[in-house]
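Good morning, colleagues. I should like to take a few minutes to go through the interior and the surface openings of one model. Please look at the sequence and the structure as I bring them up.

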Amino acid sequence: MKTPRWLTSPLVGTAGVIAGLGLISVPLRMLTSAPPAAPPVEVVVTEEGMQAVLRLKLLAAAERVVIRAMDGRILWEMTEVEAGESEQDVALALVDDGMDLDLAIEGSRATGETAAFLTVLPDGREERTRFTTGEGDFGDILRFEWPHNH
């Protein structure tokens with residue numbers, strides 16, 4: 001059996017290639033344009049609150065550093081703290097997707113003004129960093145907020 005002459009033309013070959021690309025373009029579009037699926041995050045909430053990591057970065061050494069929740073509970077207390085970063089696991093209570101932490105630095109060994117950076121890394125939420133500056137004994141109430149989860 002002989003193939004019809006029109007099936008061997010370059011125009012039919014080009015149409016065949018375009019039809020084949022059209023057939024695979026739909027699955028490719030689904031793979032390349034679909035929004036990424038967020039992995040499920042399991043948030044552990046205890047009686048004390050949500051598990052989180054506090055990261056403190058001091059630009060100058062200090063005699064004492066205390067981080068308190070607004071209910072007066074001491075979350076983290078350190079003495080003879082060297083300049084640099086430190087981390088601590090804590091349980092934090094969020095109120096309306098936010099919290100205030102009282103950061104107090106006593107006996108800063110800086111020769112002038114210095115700074116302390118506090119980062120909160122709660123489970124299932126983005127990290128937030130706030131800072132305070134001062135000389136000698138200084139501190140501040142730092143406000144951390146996260147958008148509502150829907």
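**Pocket, cavity and core**

Strand 5 gives the largest share of the lining of the largest pocket, namely four residues. Please bear in mind throughout that this is a predicted model. The space in that pocket comes to about 160 Å³. Its lining has 13 residues, and those closest to the pocket centre are Ala-69, Met-70, Ala-93, Met-99 and Asp-100. By class, the pocket lining consists of eight nonpolar residues, one polar residue and four charged residues.

I turn now to enclosed space. How many cavities of 30 Å³ or more does the structure hold? There is one, and the largest cavity encloses about 30 Å³ of space. Strand 6 provides the largest share of the lining of this cavity, with three residues. Among the lining residues are Leu-58, Leu-59, Ile-105, Ala-115 and Phe-138. The cavity lining has eight nonpolar and two polar residues, with no charged residue.

Finally, the core. In soluble globular proteins, nonpolar side chains tend to be buried together. Here the largest nonpolar core has 25 residues, and the members touching the most others are Leu-54, Leu-56, Val-65, Leu-92, Leu-101, Leu-103 and Leu-118. At least two core residues come from each of strands 1, 2, 3, 4, 5, 6 and 8. Let us take Leu-54 as an example: leaving aside residues up to four places away in sequence, Leu-54 touches Ile-67, Leu-75, Trp-76, Val-90, Leu-92, Leu-101, Leu-118 and Val-120, among others. Its contacts also include Ser-86, Glu-87, Gln-88 and Thr-119.

Thank you for your attention.

Notes:
Residues are numbered from 1 along each chain as its sequence is written. This is a predicted model: local features need pLDDT of at least 70, side-chain atom pairs count only at pLDDT 80 or more; totals for chains, interfaces and linings use all residues. Side-chain values use heavy atoms; hydrogens and water are left out. A nonpolar core is a set of buried Ala, Val, Leu, Ile, Met, Phe, Trp, Tyr and Cys residues joined through side-chain atoms within 4.5 Å. Buried means under 20% relative accessible area, exposed over 50%, partly exposed in between (1.4 Å probe, protein chains only). Contact means heavy atoms within 4.5 Å. On a 1 Å grid over the protein atoms alone, a cavity is a set of points where a 1.4 Å probe fits but cannot get out, and a pocket is an open set with protein on both sides within 12 Å along at least five of seven lines; lining residues have an atom within 4 Å of a point. Grid points are joined across faces, edges and corners, and a volume is the space filled by probe spheres set on the points. Ala, Val, Leu, Ile, Met, Phe, Trp, Tyr, Cys and Pro count as nonpolar, Asp, Glu, Lys and Arg as charged, and the others, Gly among them, as polar.
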